[in-house]
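Me: I am new to this structure. Please take a close look at the sheet for me, and tell me what lies around it.

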Amino acid sequence: MATDRVMRVLKKADLQAIVAIDEKTSGSNRHEYYERKIAAVTDPQRSINSSLVAEMDGKVVGFVMGDVYFGEFGIPETTATIDTLGVDPSVQNKGIASDLLDQFLMNMKVAGVNKVYTLVNWDDFALEKFFSRHKFVPSKRINLEYQLP
Ligand SMILES: CC(C)(COP(=O)(O)OP(=O)(O)OC[C@H]1O[C@@H](n2cnc3c(N)ncnc32)[C@H](O)[C@@H]1OP(=O)(O)O)[C@@H](O)C(=O)NCCC(=O)NCCS
């Protein structure tokens with residue numbers, strides 16, 4: 001039977017579905033984090049809502065959460081970040097994350113974004129390969145850190 005796949009803008013009511021997907025992939029329940037994050041990305045006073053979900057037969061099976069920055073943090077160009085990407089393990093490797101990413105990038109182009117940034121842990125080779133396949137390259141920005149004593 002053919003499955004009905006759609007993509008749409010993420011809304012507040014998607015919280016539980018997103019927390020459940022993240023729990024399956026990360027092994028921890030991050031309800032509070034996602035509650036705060038979703039409140040922020042859906043706040044029209046803050047920025048445009050660039051975050052998306054993928055639905056399969058009416059059920060949320062994947063999401064991409066991002067942010068758009070219009071010349072903030074001393075960076076003159078319009079940029080976007082991808083903060084979280086997740087797909088339900090039962091439907092991974094079917095191109096859902098790829099479709100979400102392609103749609104996100106297309107929307108960002110329309111919004112006038114010049115560059116999209118994301119952070120990948122240096123030893124997360126699978127995710128690095130995923131982004132590399134989608135033409136992401138190492139950035140000229142350096143990620144600095146300071147370990148508080
Ligand atoms: C990383 C993640 C988002 C990818 O989601 P996904 O929907 O499985 O991704 P895709 O299906 O688009 O691509 C995955 C692989 O399936 C393959 N694929 C894509 N479409 C396919 C199709 N129709 N049929 C068969 N294989 C396919 C791709 O070649 C791809 O391989 P690659 O990544 O080695 O290049 C998902 O594995 C996930 O949620 N992981 C856990 C959470 C995580 O690590 N998040 C990132 C931190 S924020």
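Reply: What follows starts with the sheet and then turns to the core, the ligand and two exposed residues. Keep in mind that this is a predicted model.

Start with the sheet. Five strands make it up, and the sheet is open. Their order is E1-E2-E3-E4-E5, with mixed pairing. Strand E1 (5-9) and strand E5 (115-118) stand at the edges. Each has a single partner strand, so one side of each lacks a neighbour in the sheet. From one strand to the next, the twist averages 25°.

Now take one pair of strands. E4 and E5 run in the parallel sense and share four bridges. Look for Thr 81 there: its bridge partner in E5 is Tyr 117. In general, strands of a sheet pair through backbone hydrogen bonds, either parallel or antiparallel.

Next comes the core. The largest nonpolar core holds 24 residues. Leu 10, Leu 52, Phe 63, Val 64, Ile 96, Leu 100 and Phe 104 touch the most other members. Strands and helices both contribute: the elements giving two or more residues are helix H1 (15-26), helix H2 (31-41), strand E2 (52-56), strand E3 (59-70), E4 and H3. H3 supplies the largest share, six residues. In soluble globular proteins, nonpolar side chains tend to be buried together.

Leu 52 deserves a stop. Set aside its neighbours within four places in sequence. Leu 52 is then in contact with Met 7, Arg 8, Val 9, Leu 10, Phe 63, Val 64, Leu 100, Gln 103 and Phe 104.

Strand E4 also leads to the ligand. The ligand has 16 residues around it, and the closest are Val 87, Gln 92, Gly 95, Ala 97 and Ser 98. Strand E4 (78-87), helix H3 (96-110) and helix H4 (125-133) are the elements that each give two or more residues to this shell. By class, the shell has six nonpolar, seven polar and three charged residues.

Follow the chain on from E4. Asn 93 sits in the loop between E4 and H3. Asn 93 is not a glycine, yet its phi is positive, about 60°. Asn 93 is exposed, because 9 other C-beta atoms lie within 10 Å, and a residue counts as exposed at 12 or fewer.

A second residue has a positive phi. Lys 135 is found in the segment after H4. Phi of Lys 135 is near 70°, a positive value in a residue other than glycine. Lys 135 counts as exposed, with 7 C-beta neighbours inside 10 Å.

How values were computed
Residues numbered from 1 in each chain as written. Predicted model: local features only at pLDDT ≥ 70, side-chain atom pairs only at ≥ 80, totals over all residues. Near = placed C-beta within 6 Å. Nonpolar A, V, L, I, M, F, W, Y, C, P; charged D, E, K, R; others polar. Pairing = 2+ DSSP bridges. Axes fitted to C-alpha atoms, helices over the stretch in contact; angles between N-to-C directions. Core = buried A, V, L, I, M, F, W, Y, C linked by C-beta atoms within 7 Å. Buried ≥ 20, exposed ≤ 12 C-beta atoms within 10 Å, placed from the backbone. Contact = placed C-beta atoms within 7 Å.
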